[in-house]
Amino acid sequence: MTEAQESIVRLDETDHEFSEAVAKADGEKINICFQCGTCTATCPIRRFDKTYNPRLILRETLLGLREIVLSSNVIWLCASCYSCTERCPRGVRPAEVIRAVRNLAVREGHVHPFYRMQGSAIATLGR
């Protein structure tokens, strides 16, 4: 499969209710995002890790790519610094959208291995 074929989104493979689920889980302004890229341009994590792209996370969420978004390791890279939220021209609050995506991921059993290990350590050893 070529790279172009891998990036094709098939409508029958999307979850049309995913962005609404994220909106209800505290990402209520996701539907007004117009993909300007300000969130990605201002993100300090992006400076160190080029795989992290908040705009792409929001776009894939809007497209209904539930499995791709929730199983991705990049959703766990957000440092919740709110630089993106402060600069978003539409007031989308991307950091809160990503937090909502993370919460949905946890509910569906998609937890980054680091957080599983950390939770296990706290449960067995305490603080």
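**Close-up 1. Asp26 and Arg99 join side chains in a salt bridge, with N and O 2.3 Å apart.** This is a predicted model, so keep that in mind for every view here. The Asp26–Arg99 pair ties together distant parts of the chain, 73 residues apart. Asp26 sits in the loop between helix H2 (18-24) and helix H3 (38-42), while Arg99 belongs to helix H8 (residues 94-107). Asp26 comes out as partly exposed, at 29% relative accessibility, and Arg99 is partly exposed too, at 32%.

**Close-up 2. Arg93 reaches Glu28 in a salt bridge, their closest N and O atoms being 2.9 Å apart.** Here's another link between distant parts of the chain, this time 65 residues apart. Arg93 lies in the loop between helix H7 (83-87) and H8, and Glu28 in the loop between H2 and H3. Arg93 has 23% relative accessibility and counts as partly exposed. Glu28 is also partly exposed, with 40%.

**Close-up 3. Arg93 also makes a salt bridge with Glu96, at 2.5 Å from N to O.** Glu96 has a relative accessible area of 16%, so it falls under the 20% cut-off and counts as buried. Its partner Arg93, at 23%, is partly exposed.

**Close-up 4. Pull back a little and a salt-bridge network shows up, linking Asp26, Glu28, Arg93, Glu96 and Arg99.** Arg93 takes part through its bridges to Glu28 and Glu96, and Asp26 pairs with Arg99. Across the whole structure, the search turns up six salt bridges.

**Close-up 5. The largest pocket holds about 220 Å³ of space.** Twelve residues line this pocket, and those closest to its centre are Ser7, Ile8, Val9, Leu65 and Ile68. Helix H5 (residues 54-63) is the top contributor to the lining, giving four residues. As for chemistry, the lining is a mix: six nonpolar residues, five charged and one polar.

**Close-up 6. Phe114, Tyr115 and Met117 make a nonpolar patch of about 310 Å² on the surface.** Met117 is part of helix H9, which covers residues 113-125. With a relative accessible area of 55%, Met117 is over the 50% cut-off, so it counts as exposed.

Conventions
Residues numbered from 1 in each chain as written. Predicted model: local features only at pLDDT ≥ 70, side-chain atom pairs only at ≥ 80, totals over all residues. Heavy atoms only, no water. Patch = residues over 30% accessible without salt bridge, like charges linked within 9 Å, V, L, I, M, F, W, Y side chains within 5 Å. Areas by Shrake-Rupley, 256 points an atom, 1.4 Å probe, with all protein chains shown as cover. Salt bridge = Lys/Arg side-chain N within 4 Å of Asp/Glu carboxyl O. Helix = DSSP H or I, 4+ residues; strand = E, 2+ residues; numbered from the N terminus. Buried < 20%, exposed > 50% of the residue type's maximum accessible area, 1.4 Å probe, protein only. 1 Å grid on protein atoms, 1.4 Å probe; cavity = no way out; pocket = protein on both sides within 12 Å on 5 of 7 lines; lining within 4 Å. Points joined across faces, edges and corners; volume = space filled by probe spheres on them. Nonpolar A, V, L, I, M, F, W, Y, C, P; charged D, E, K, R; others polar.
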